[in-house]
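Here's a quick tour for anyone meeting this protein for the first time. Have a look at the model, then read on.

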Amino acid sequence: QVQLVESGGGLVQPGGSLRLSCAASGSIFSINLMGWYRQAPGKQRELVAYISGGNTNYADSVKGRFTISRDNAKNTVSLQMNSLKPEDTAVYYCNAYIRASGSNYNKDYWGQGTQVTVSS
């Protein structure tokens, strides 16, 4: 059983910073891609950033403010969020493309989500 567990959400004032972390655990053979999505009320889930190998990709709305990083030894991915804006308010979900032990294929896994609220 593979699980993704997020931490680090909360309430922050505009211009502030938060750091989200996500740890993958269970019977993991390999992890390909790891990333973060978010979903604001009444909106579709959208990609925030992902990291695969040494490559990163960011949504235009967060470029220059958010930084994604990964610790392959610990199977973790983090999202450092700076200069936060009210429009960044959403539930943030960790996502990973993982090949479980004993499996011949990769599969998408999701965390349970963590709330980020940017408000004064």
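Let's start with charge: the protein carries 11 positive and 7 negative charges, and the mean positions of the two sets lie 4 Å apart. Keep in mind that this is a predicted model.

As for the fold, you'll find 11 strands and 0 helices, so going along from the N terminus you meet β after β, right through the list of elements. The radius of gyration is 14 Å, close to the 14 Å that the globule rule gives for 120 residues, so the protein is as compact as a globular protein of that length. Along the principal axes, the C-alpha atoms fill a box of roughly 50 × 25 × 25 Å.

What about surface and interior? Of the 120 residues, 38% count as buried. The accessible surface is about 6,500 Å², with 44% of that belonging to carbon and sulfur atoms. Contacts reach along the chain too: among those between residues at least 6 apart in sequence, 57% join residues at least 24 apart.

Now for the aromatic rings. The structure has 1 aromatic pair. Tyr-37 and Trp-110 have ring centres 5.0 Å apart and planes at 65°, and planes over 60 degrees apart count as edge-to-face, so that is what this pair is. The two partners sit 73 residues apart, so the pair links distant parts of the chain.

Here is how accessible each partner is:

| Residue | Relative accessible area | Class |
|---|---|---|
| Tyr-37 | 24% | partly exposed |
| Trp-110 | 36% | partly exposed |

Tyr-37 belongs to strand E4 (residues 28-39), while Trp-110 belongs to strand E10 (residues 107-110).

Note on methods. Residues are numbered from 1 along each chain as its sequence is written. This is a predicted model: local features need pLDDT of at least 70, side-chain atom pairs count only at pLDDT 80 or more; totals for chains, interfaces and linings use all residues. Side-chain values use heavy atoms; hydrogens and water are left out. Helices (H or I, at least four residues) and strands (E, at least two) are DSSP runs, numbered from the N terminus. The radius of gyration is taken over C-alpha atoms; the globule rule is 2.2 Å times the number of residues to the power 0.38. Buried means under 20% relative accessible area, exposed over 50%, partly exposed in between (1.4 Å probe, protein chains only). Contact means heavy atoms within 4.5 Å. Accessible areas come from the Shrake-Rupley method with a 1.4 Å probe; for residues, only the protein chains shown count as cover. Lys and Arg count as positive and Asp and Glu as negative; His and the chain ends are not counted. The place of a charge is taken as NZ of Lys, CZ of Arg, CG of Asp or CD of Glu. Rings of Phe, Tyr and Trp (its six-membered ring) pair if their centres lie within 6.5 Å; planes under 30 degrees apart count as stacked, over 60 as edge-to-face and the rest as tilted.
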